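Please examine the sequence and the structure shown here before reading the report.

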Amino acid sequence: MSAFTVTLPDGKTLTGMNHFPQNVPASRISALPLIVAVHGGSYTSDYFDVDENHSLRHISEALGIPVIAINRPGYHGTSPLPETPAESSFIKEQGDYLHRTILPFLWKEHASVLGVASIFLYAHSIGGAVSVVAASLHESEIAHTSYPLCGISISGVGSNVKMLPIEAFNKDPKELVGISIRFPNDQKDMLMLGPVKLYDPAILEQTERLQHEVTIEELYDINVLWRGYWRKYAAEVGVSVLCTMGEYDELWNNSDQDVKDFADGFTKAPSVESRRLLSAPHCIELSLQGTGLILRTYGFAIECAVYCKLGKL
């Protein structure tokens, strides 16, 4: 994928990676989605283009579907957001900015050139939480929104987190602003990839390159606050949703009932597909199950784009 750096309408910088296929696919797609990929905590847009065996670009090229993987605010050159207001949270502010600034800009810049019908969000972990907030805001402001959203796919996020043993979580949230940590590589591999049998050992060579500091504020939000407000936002999502949780996810409680409880929160979505993916870790895209999930997500994105284009019959 190709790296990009652009200036947003508010003067802030957005960085990321993109892949815009040059060849017309053999099979025609009646409504082309623009896939916008949103990474999780302690990763960057590189998560979606790791190496020749772990990347969205191959399937994008084969199907002729353009993809833009952004770096969220504060990550890898993308401007950070201002200090979080007391009445809000890190994830809420990131979701709001994605909805109000980033997605309208990407749509205005690329929609007509690429011939896409709508935006589809493909998000992982904390990026999934951010995308739920963005999709909820899109629905509540649909009469005034400046971009069409057709659906979301979220992996590695749910409702029942296994709280990380981080001592700072016991402090006043105001004291967490500006503090970042970097997971030791061995610990990160264990949390994100699970048992050795689930991934190609070669992926471990990429751990250091994929590493990025993550703020305690971001981790506090997903570990402590998310459980108290996710239902409010999920209930307002008005597009179809694909939820996937890995069988060996070390960050979330992931029984069939846990997966169902999270999916049941999307009460307004026209359709919800949820599953506990067997033989998969938290970072499914980096595992042996990665290609299967990516293929399923792209197929789901096409279905959502067609539904969005046709509207209710």
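The report below treats the sheet, the helices on it, one residue in a loop, and the cavities.

## The sheet

This is a predicted model. It contains an open sheet of 8 strands with mixed pairing, in the order 1-2-6-3-7-8-11-12. The edges are formed by strand 1 (2–7) and strand 12 (272–281); each has a single partner strand, so one side of each is left without a neighbour in the sheet. On average, and with direction ignored, neighbouring strands of this sheet are turned by 20 degrees against each other.

Within the sheet, strand 3 (33–38) pairs with strand 7 (residues 118–124) in the parallel sense, over 6 bridges. P33 has S118 of strand 7 as its bridge partner.

## Helices across the sheet

Helix 3 (residues 126–140) lies across strand 3, strand 7 and strand 8 (149–155), and runs at about 150 degrees to strand 7.

Strand 8 is also crossed by helix 7 (residues 256–264), which lies across strand 11 (240–248) and strand 12 as well. The direction of helix 7 is about 145 degrees to strand 12.

## Residue S45

S45 is placed in the loop between strand 3 and strand 4 (49–51). Is S45 buried or exposed? With a relative accessible area of 1%, S45 falls under the 20% limit and therefore counts as buried.

Leaving aside residues up to four places away in sequence, S45 touches G16, M17, H39, A69, I70 and N71.

## The largest cavity

Rolling a probe the size of a water molecule over the atoms shows where empty space is left. In this structure there are 4 cavities of 30 Å³ or more. The largest cavity holds about 190 Å³ of space. It is lined by 19 residues, of which S125, I126, L164, L219 and L251 are the closest to its centre.

Two or more residues of this lining come from each of helix 4 (185–193) and helix 6 (216–234). Helix 6 provides the largest share, 3 residues. By type, the lining of the largest cavity comprises 12 nonpolar, 6 polar and 1 charged residues.

## The second largest cavity

The volume of the second largest cavity is about 70 Å³. Its lining consists of Y43, K188, D189, M192, L193, I203, T207, L210, Q211 and L286. Of these residues, 6 are nonpolar, 2 polar and 2 charged.

Which helix gives the most to the lining of the second largest cavity? Helix 4 does, with 4 residues. Helix 5 (207–210), like helix 4, supplies at least two residues of this lining.

Key:
Residues numbered from 1 in each chain as written. Predicted model: local features only at pLDDT ≥ 70, side-chain atom pairs only at ≥ 80, totals over all residues. Heavy atoms only, no water. Buried < 20%, exposed > 50% of the residue type's maximum accessible area, 1.4 Å probe, protein only. Contact = heavy atoms within 4.5 Å. Pairing = 2+ DSSP bridges. Axes fitted to C-alpha atoms, helices over the stretch in contact; angles between N-to-C directions. 1 Å grid on protein atoms, 1.4 Å probe; cavity = no way out; pocket = protein on both sides within 12 Å on 5 of 7 lines; lining within 4 Å. Points joined across faces, edges and corners; volume = space filled by probe spheres on them. Nonpolar A, V, L, I, M, F, W, Y, C, P; charged D, E, K, R; others polar.
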